[in-house]
Amino acid sequence: MDPIEVTARFDEDGTITPLEFRWKGGFYRVQSTGRRWQDGEGAHILIMVANGRIYKLTFKSDKGRWYIEHTRPEQLAV
């Protein structure tokens, strides 16, 4: 998991919506969000960017930091 810079909206009901992020010199706009879950590691959100790639963003509130993982399609199976 790599630490990244994320611009996100934090709604009053606690919903976090990533809008864009910077990673490895690139700038990515979030086209859509998918599955979300919370565990001891943080808040996890699957996102899709313009080129159709899917990533998992994790917000660790105890550190106030975002992290990213590239997600392959076979990792998305429930």
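1. Contact, as the word is used in this note, means that heavy atoms lie within 4.5 Å of each other. With that in hand, and bearing in mind that this is a predicted model, one may start from Ile 4, which touches Phe 21, Arg 22, Trp 23, Leu 57, Arg 65, Trp 66, Tyr 67 and Ile 68 when residues up to four places away in sequence are not counted.

2. The overall arrangement gives these contacts their setting. Six strands close into a barrel in the order 1-2-3-4-5-6, and the pairing is antiparallel. From one strand to the next the twist averages 40 degrees. As general background, strands of a sheet pair through backbone hydrogen bonds, in either a parallel or an antiparallel manner.

3. Which residues touch the most other members of the largest nonpolar core? That core has 15 residues, and the ones in question are Ile 4, Phe 21, Ile 47, Tyr 55, Trp 66 and Ile 68. At least two core residues are supplied by each of strand 1 (2-10), strand 2 (16-23), strand 4 (42-49), strand 5 (54-60) and strand 6 (65-70). Strand 4 provides the largest share, with 4 residues.

4. The pairing of strand 1 with strand 2 can be followed at the level of single residues. These two strands pair in the antiparallel sense over 6 bridges, and the bridge partner of Phe 10 is Ile 16, which belongs to strand 2.

5. Strand 5 deserves a closer reading, since it pairs on both sides with strands discussed here. It runs antiparallel to strand 4, to which 6 bridges join it, and it also runs antiparallel to strand 6, again with 6 bridges. Of the 7 residues of strand 5, 6 are buried, so this strand is largely enclosed by the rest of the structure.

6. Both of these pairings include a hairpin. Between strand 4 and strand 5 there are 4 residues, and in this hairpin Gly 52 takes a positive phi near 85 degrees; along the paired strands, Ile 45 stands opposite Leu 57 of strand 5. The hairpin of strand 5 and strand 6 likewise has 4 residues between its strands, and Gly 64 in the turn has a positive phi of about 65 degrees.

7. The second of these hairpins also carries a charged pair that a new reader may wish to locate. Lys 56 stands opposite Glu 69 in strand 6, and Glu 69 forms a salt bridge with Lys 56, the closest N and O atoms being 3.1 Å apart. Because Glu 69 lies in strand 6 and Lys 56 in strand 5, the pair ties together parts that are 13 residues apart in sequence. As for their surroundings, Glu 69 is partly exposed, with a relative accessible area of 28%, whereas Lys 56 is buried, with a relative accessible area of 14%.

8. How many salt bridges does the count come to? The count comes to 3, and the pair just described is one of them. Another joins the side chains of Arg 9 and Asp 11, at 3.0 Å from N to O; Arg 9 is partly exposed at a relative accessible area of 42%, and Asp 11 counts as partly exposed at 30%. In a further salt bridge Arg 29 meets Glu 20, with the closest N and O atoms 3.1 Å apart, and Arg 29 is exposed, having a relative accessible area of 51%.

9. Is His 44, which is found in strand 4, buried or exposed? His 44 has a relative accessible area of 2%, and is therefore buried, the cut-off for that term being under 20%. Its side chain makes a polar contact with the side chain of Asp 39, at 2.8 Å. Not counting residues up to four places away in sequence, His 44 touches Arg 35, Arg 36, Trp 37, Asp 39, Lys 56, Leu 57 and Thr 58.

10. Lys 60, which lies in strand 5, is a further lysine to examine, and it counts as buried at 15% relative accessibility. Lys 60 and Gly 42 are 18 residues apart in sequence, yet their C-alpha atoms are 4.6 Å apart in space. Leaving aside its neighbours within four places in sequence, Lys 60 is in contact with Met 1, Glu 41, Arg 65 and Tyr 67.

Methods:
Residues are numbered from 1 along each chain as its sequence is written. This is a predicted model: local features need pLDDT of at least 70, side-chain atom pairs count only at pLDDT 80 or more; totals for chains, interfaces and linings use all residues. Side-chain values use heavy atoms; hydrogens and water are left out. A nonpolar core is a set of buried Ala, Val, Leu, Ile, Met, Phe, Trp, Tyr and Cys residues joined through side-chain atoms within 4.5 Å. Buried means under 20% relative accessible area, exposed over 50%, partly exposed in between (1.4 Å probe, protein chains only). Two strands pair if DSSP finds at least two bridges between them. A polar contact is a pair of N or O atoms within 3.5 Å; within protein, one must be able to donate a hydrogen and the other to accept it, and residues adjacent in sequence count only if both atoms are side-chain atoms. Axes are lines fitted to C-alpha atoms, for helices over the stretch in contact, and angles run from 0 to 180 degrees between N-to-C directions. A salt bridge is a side-chain nitrogen of Lys or Arg within 4 Å of a carboxyl oxygen of Asp or Glu.
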